[in-house]
Amino acid sequence: MVDTPSALPDPAAGAKLALRDQLGTARKRVPLAEVVHRAERIADHALAIPEVARAASVGLYVSMGHEPGTGVLLDRLLALRKRVLLPVVLPNLDLDWAAYTGPGSLAPARMGLLEPTGARLGVEAVATCDAVLVPGVGVDRTGMRLGRGGGCYDRALARVPVGTFVAVVLYSDEIIDQVPSSAHDLPVGAAITEHGVTRF
């Protein structure tokens, strides 16, 4: 059988894995009380971004464990009467989307995630968001994002219209000099951390 380009090994895979392990280990050292404290500051900074403040619809996600917290931001966006869309991971690792209507609209899902229980809006629903905030493990100063390795968000971001504000939510020490990248990787326009917003 002849390899197609998508079936060929990713030359950056090893470097990505090593960097993901390094950054992930450092993240696990953040005490959970500090995760909660930083989540408040991340929400403050995110809501001060003009593109987020004026957005009618925001794509976001539910953080887990030692990830930079999004729970505060989710509820503050809802209080501002913004439409918030959250991802639902499909079996092929693509992302469907559904509306967030409060903590009671979430249910445990596979891989330890919390996902919205409302009507599925389709994989193209992310294209209707005025701002999209995504998870990551790191980002470099060109905006190249290092994700968890499943490729979910690379597919989703390919559907986001050019010009839409897209940011990764991270801790400040996860903005680094260089992230190894592959042909399918897409950059983000900014990083939101507990210390503020960095635009690329």
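Two strands are said to pair if DSSP finds at least two bridges between them, and the strands and helices themselves are DSSP runs numbered from the N terminus, with at least four residues (H or I) for a helix and at least two (E) for a strand. In these terms S7 (residues 138-140) and S10 are joined by 2 bridges and run parallel, with Val139 in S7 having Ile175 as its bridge partner in S10.

The model is predicted, so local features need pLDDT of at least 70 and side-chain atom pairs count only at pLDDT 80 or more, whereas totals for chains, interfaces and linings use all residues. Residues are numbered from 1 along each chain as its sequence is written, and side-chain values use heavy atoms, with hydrogens and water left out.

## Overall form

The protein chain holds 5 helices and 12 strands. Its radius of gyration is 16 Å, close to the 16 Å that the globule rule gives for 200 residues, so the chain is as compact as a globular protein of that length; the radius is taken over C-alpha atoms, and the rule is 2.2 Å times the number of residues to the power 0.38. Along the principal axes, the C-alpha atoms of the chain fill a box of roughly 50 × 35 × 35 Å.

Of the 200 residues, 48% count as buried, where buried means under 20% relative accessible area, exposed means over 50%, and partly exposed lies in between, using a 1.4 Å probe and protein chains only. Among contacts in the chain with a separation of 6 or more, 68% are between residues 24 or more positions apart, a contact being heavy atoms within 4.5 Å.

## Strand pairing

The parallel pair described above belongs to an open sheet of 3 strands in the order S8-S7-S10, with mixed pairing. S8 and S10 (175-176) stand at the edges with a single partner strand each, so one side of each is left without a neighbour in the sheet.

Elsewhere, strand S11 (residues 190-193) and strand S12 (residues 196-199) run antiparallel and are joined by 4 bridges. A hairpin of 2 residues connects S11 to S12, and Ile192 has Val197 as its bridge partner in S12.

## Pockets

A pocket is found on a 1 Å grid over the protein atoms alone, as an open set of points where a 1.4 Å probe fits, with protein on both sides within 12 Å along at least five of seven lines, and its lining residues have an atom within 4 Å of a point. Grid points are joined across faces, edges and corners, and the volume is the space filled by probe spheres set on the points. For the residue classes in the table, Ala, Val, Leu, Ile, Met, Phe, Trp, Tyr, Cys and Pro count as nonpolar, Asp, Glu, Lys and Arg as charged, and the others, Gly among them, as polar.

| Pocket | Volume | Lining by class |
|---|---|---|
| Largest pocket | about 600 Å³ | 16 nonpolar, 5 polar and 10 charged residues |
| Second largest pocket | about 260 Å³ | 2 nonpolar, 3 polar and 5 charged residues |

The largest pocket is lined by 31 residues, and Arg148, Gly149, Gly150, Gly151 and Cys152 lie nearest its centre. The elements that give two or more residues to this lining are helix H1 (13-28), strand S2 (83-89), strand S5 (114-116), strand S8 (145-146) and helix H5 (152-157), and the largest share, 4 residues, comes from H5.

The lining of the second largest pocket consists of Arg20, Gly24, Arg27, Lys28, Met64, Gly65, His66, Glu67, Val137 and Arg148. Of these, Glu67 sits in the loop between strand S1 (57-59) and H4 and counts as buried at 8% relative accessibility. Leaving aside neighbours within four places in sequence, Glu67 is in contact with Arg27, Val35, Tyr61, Val62, Pro135, Arg148 and Tyr171.

## Individual residues

Two residues that are not glycines have a positive phi: Arg81, at about 65 degrees, and Leu93, at about 70 degrees. Arg81 is placed in the loop between helix H4 (71-79) and S2 and counts as exposed at 78% relative accessibility, whereas Leu93 lies in the loop between S2 and strand S3 (95-99) and counts as partly exposed at 28%.

Pro108, in strand S4 (residues 106-108), counts as exposed at 74% relative accessibility. Not counting residues up to four places away in sequence, Pro108 touches Leu113 and Leu114. Pro108 and His66 are 42 residues apart in sequence and 17 Å apart in space, C-alpha to C-alpha.
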